[in-house]
Amino acid sequence: MARKKLGDLESSVLIAVVAESESAFALEIRRAIKSATGRAVSRGAFYTTLERLGQKGLVSWENQVPANARRELAQRRYAITPAGMRALEDTKAELAAQWQRLAAATGET
Amino acid sequence: MIAGLADLVLKMSLPHGEIGDWIRADLNREAEERSRGSSGRMVSLWRLLEALKLAPHFIAHRLGGSSRRFGPSQPNSPSPGCFTGINEDVRYAIRRLTKAPLMTGVFVAVAGIGIGASTATFSVLDAVILRPLPYPEADRLVQITQKTTPAGLTLGRPLRDDLPINAQDFLVYEAETASFSNWAWTGDYEPNRDATVGGGEGAPQGVEVIQVSPSFFSTMGVVLPLGRPFLPSERAQPNTSAPREPWQGVRWTGVVIISHDLWSSRFGSDPDIVGKDIVFEGGPSTVVGVTPPGFRFPPMSERGEVRERDIDVFLPLVYPAFLQPRTFLQFGVIARMKPGVETEQAQADVSRIFDGLAAGYPVSHVGRAVVLTPLHDLLVRDYGLAFFSLMGMVGLVLLVACGNLASLVLAQGTRRRAELALRAAIGGGRARLFRLVMAESLILAALGGVLGLLLAHWGTAALVAMVPAELTRAGDAGLDGRVLAFALALSIATGMIFGLIPALRSSDVDLVQDLKSGGRPGAGVGWSTLSQSLITGQVALTLVLLMGGGLLGKSFLRLRTDDRGYDPENILTVTITPGYLHRFARINSFDLESRRTRWRASYEIMESVRALPGVRSVASGEVNIEGTGFYPVQLRHDPVGAGLPPEDIVNAHHAFVSPEYFGTMGIPIVRGEGLPAWNGIDEAERYWWATDGPDCWSESKASGTNVGGSENEYCDGPEVLVSETFAATAWPGEDPIGKELGVYDCCWTVGGVVADVDSRGVDAPVLPGRLGREPRLVIYIPYTELGPYLIKTDVDPLSLVAAVRDIIVSVDVQAAVTFSTLEQQVADSLARPRFYSVVAAIFGGVALVMALVGLYGAMAYAVGRRVHEIGVRMALGADRTQIRAMVVGEGMRPVLVGVAVGLMASVALMRVLEGLLYGMEALDPWIALGVAVAMVGVAVVACYSPARHASQVDPLRALAHE
């Protein structure tokens, strides 16, 4: 099955979810992306992307209270699903293949 | 407020259900983290900004029906159906707007400023005037007063329509009218004097006191939450031991009703306060009731202005009908009309009674009539003109904003013609195109409305801070439901107004022409008549606003720089609300000995203050001449009290002053000598005795001769000074020195004439009218009774406050003392004109900036479109100066038309402001000229930059543009 390649932001979000593991709440994920890429993600785009990944079944979540937060601030803690992991791997493979084609075309090894 | 606004934005934009919840939770969590490092206000602001950034994103998603992409909570949302088009229009509009953030920002800012200014002004207007008064069925409450008719004018008496009612007359009104269900009457505890309250927490404090009849609270429709109203038996009793002024020396029945504020601030909201004694005027008084929270004494018209007072202590009113002659007007009257009775009907009812009284007692009713005014009308009458003028001005600002936005949308619309033509070509109907452009305007207006609310929140606070302090109800202004509804309606109207013209034009697409030109620069010819008319309109409206601001500003400056007839520099004013001494004199008894005690105390205070370093002179006396009251003075003696013909009565203010008053205030004595100095307390007492003691009146009572005649040996009353206008009115062409005046049963001799001073005084707010202030008739009488004191200093007046307070408290421990400087009081008295002129100037400035931005934008855009044409002109030999002149000339054409239209409109509109101007005409050619020149000058500047840009066009490049 030809899985559609993940978008840039989708990949960044998924990687951040994996990296943050136990504390993958929205706030932490956004911060992780910023520290990894050096760019702040627009809040609207970020929320939409998270929702979309959930809809595609690439992330799952449970409601929890983050450390240092008050009870009423309970929110989703995200985790990557096996499908999400696969999608990341596929995207990585596809990108690698493209880079290899570039290397071949420019004659680098 | 800001937090609430952010919540509102989030609620309106985020998807409902669980998705919205977790996004909100994420935002809140981040806000909480931020709140550890910065202030709550900053965090709220941050949250609002984030919400505003998020809103377009999610609104676009929601309206776009993109449930497929967003949110499992709506997996099977129904087909959008017939609203698809609108959804798409909105989505499209949002996308367009987010793509051009700068342009969108300008739009939202302009709309926001217009809506914000209007909303803020409306919220204050609403609180002060529009909202009904806070009493049950307040529209049935009326104040009943008397007015002077021209027939009844004696010398020096101005036309008034708020004279109090005589007590005997009141009883007749109450008994014989049929239109009213309740009657209440009120009386000043003592004009211009406060009282003190002690007990509870802290030092004795000055309080505002009023006397009310037992029926007062039931007439207002107010039920006391604690205790009860006064009983008829609790009214104060006349003091029969003081035959001379029995209505003043009332015997105190010792009960008070206190305000909710005083109860909570001073007595810690003691639930058992009823029945307890508090310290009032230095002695015990029993509290019988507490007013409900938020209860305010109703606005009442007296002495030419509507006063709204925060009363702290209510006393039962003396019932003096049998004491007062019918000529004595003392009581404020409030009545409640029966349900269904019209104001006219009630007016006819009281007029009928008045006519009967006038027929029975012609002497005491000549030249007067009875007037009935709904309480709410009092507010409108006093502040209506000012506030409706401000509202009108802010409406003009909003119109300028709409014009501005319309030209901007129009310019965009022109640029978009090709796009719209393409849409039309592939099947977009006129209605669709209209909707598309309209959606954009409405979204901008909505965003402007949100910004406007934020600005209004601050703007209202700023306006309330500027509003003259006597407008106590302005403090209630805030963004409540009414104001929010107003802002919403305004936003929609704004969007409609500025969106309509461009939308209509955009939908009117010429397919062939527009597709062919492809929206390239140079496609049109110059700028359209429509844009030019919009510029003309904006300039005209701005000019009207600037004229208004200029007139009010000039009037205010004139008031400020006007010579008041005295020198307020370096004068400390000290007002004493006596504690022990006051009660001693007024409440317990009214014998001359206790007044003498007070008088001697006052003299001692002045002596001690004079010895302080830095004090140049000390005087006792009111600055506020107008507030001293207004009494008839007889030019001839009237031994039997039968009444003198009008030409022998002069109405004058009585100012009680110490001899140093004139030197301290810098008021020149123009004829004769000043008042003889008081050398030592014993000599001074001789003067006091002559003024207030028994000698004067008993002597003159015994004698029955003519005061003004030559056999006046009985008159040993004191020497007084009169103002220039008094002398000129009473004895035109004669030497006033040595003339005698009869006042009640006493007599005075004129010893000199003093220059006129500003009649308004400094406590009374200045109510400018076109005629300015007329000098009043004043008699200066040598007398002092516990201030107010005026201390002329060589040092900063306020540096003496502590020392002066010590002196006063050493004489009367329970006195409450208030300090100010005369300069400050003068500035305060100008609060109303200052407020009007500052607000008008702000509105004028905002409109000016908007009009100029609009002009600049339109010009820059027009030049951009004509690059090709300009290139051709230059290629054909036009030089840069010619190009520049051409562009500026074309830009100035609509401006000049606008200036002309604005000037003509001003001629018509400025008459409205006449009642707010002081000593000047509403048509001031110099201001008109100045404003017009300024407008043209600034417009030239706005046009110059695009013109310069045009003149720097490279012909080769411009031609290649094609």
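Is A:Gly57 buried, partly exposed or exposed? A:Gly57 is partly exposed, because its relative accessible area is 30%, and partly exposed runs between 20% and 50%. Keep in mind that this is a predicted model.

Let me stay with that glycine. A:Gly57 sits in a loop of chain A, between helix α3 (43–55) and strand β1 (59–64). Which residues does A:Gly57 contact, once neighbours within four places in sequence are set aside? They are A:Thr81, A:Ala83 and A:Gly84. A:Ile80 belongs in this picture too. Along the chain, A:Ile80 and A:Gly57 are 23 residues apart. Their C-alpha atoms are separated by 9.0 Å.

Now the whole of chain A. It has 109 residues, and 39% of them are buried. There are four helices and two strands. From the N terminus, the order is α-α-α-β-β-α. Take the contacts between residues at least 6 apart in sequence: 54% of these join residues at least 24 apart. The accessible surface of chain A is about 6400 Å². Carbon and sulfur atoms account for 54% of that surface.

On to confidence. For the complex, the predictor gives an ipTM of 0.85 and a pTM of 0.66. Chain B has a mean pLDDT of 76. In that chain, 77% of residues reach 70 or more. Which elements of chain B mark the two ends of the scale? Strand β24 (residues 789–793) has the highest mean pLDDT, at 92. Helix α17 (residues 580–588) has the lowest, at 39.

Two stretches of chain B need care. Over residues 65–83 the pLDDT is below 50. Beyond near neighbours in sequence, that stretch has 25 contacts in the model. Over residues 579–590 the pLDDT also stays under 50. There the model has 49 contacts beyond four places in sequence. Where pLDDT is low, predicted coordinates should not be read in detail.

Next, a pocket. How much space lies in the second largest pocket? About 1400 Å³. Its lining has 41 residues. The closest to the centre are B:Ile59, B:Ile443, B:Ala446, B:Leu447 and B:Val450. Six helices of chain B each give two or more residues to this lining: α1 (2–13), α3 (40–63), α4 (84–99), α5 (101–130), α13 (430–466) and α14 (481–507). Helix α13(B) gives the most, with twelve residues. As for character, 31 lining residues are nonpolar, six are polar and four are charged.

Last, three single residues in chain B. Start with B:Glu137. Its phi is near 45°, a positive value in a residue other than glycine. B:Glu137 lies in the loop between α5 and β1 (141–148) of chain B. B:Glu137 counts as partly exposed because its relative accessible area is 48%, and exposed would need over 50%.

B:Ser269 is not a glycine either, and has a positive phi of about 50°. B:Ser269 is placed in the loop between α8 (260–266) and β8 (277–280) of chain B. At 31% relative accessibility, B:Ser269 is partly exposed.

Then B:Gly663, in helix α19 (residues 661–665) of chain B. Why does B:Gly663 count as exposed? Because its relative accessible area is 64%, and the cut-off is over 50%. Its C-alpha atom is separated by 9.2 Å from that of B:Val618. Along the chain, those two residues are 45 apart.

Note on methods:
Residues numbered from 1 in each chain as written. Chains lettered and ligands numbered in written order. Predicted model: local features only at pLDDT ≥ 70, side-chain atom pairs only at ≥ 80, totals over all residues. Heavy atoms only, no water. 1 Å grid on protein atoms, 1.4 Å probe; cavity = no way out; pocket = protein on both sides within 12 Å on 5 of 7 lines; lining within 4 Å. Points joined across faces, edges and corners; volume = space filled by probe spheres on them. Nonpolar A, V, L, I, M, F, W, Y, C, P; charged D, E, K, R; others polar. Buried < 20%, exposed > 50% of the residue type's maximum accessible area, 1.4 Å probe, protein only. Contact = heavy atoms within 4.5 Å. Areas by Shrake-Rupley, 256 points an atom, 1.4 Å probe, with all protein chains shown as cover. pLDDT = per-residue confidence, 0-100.
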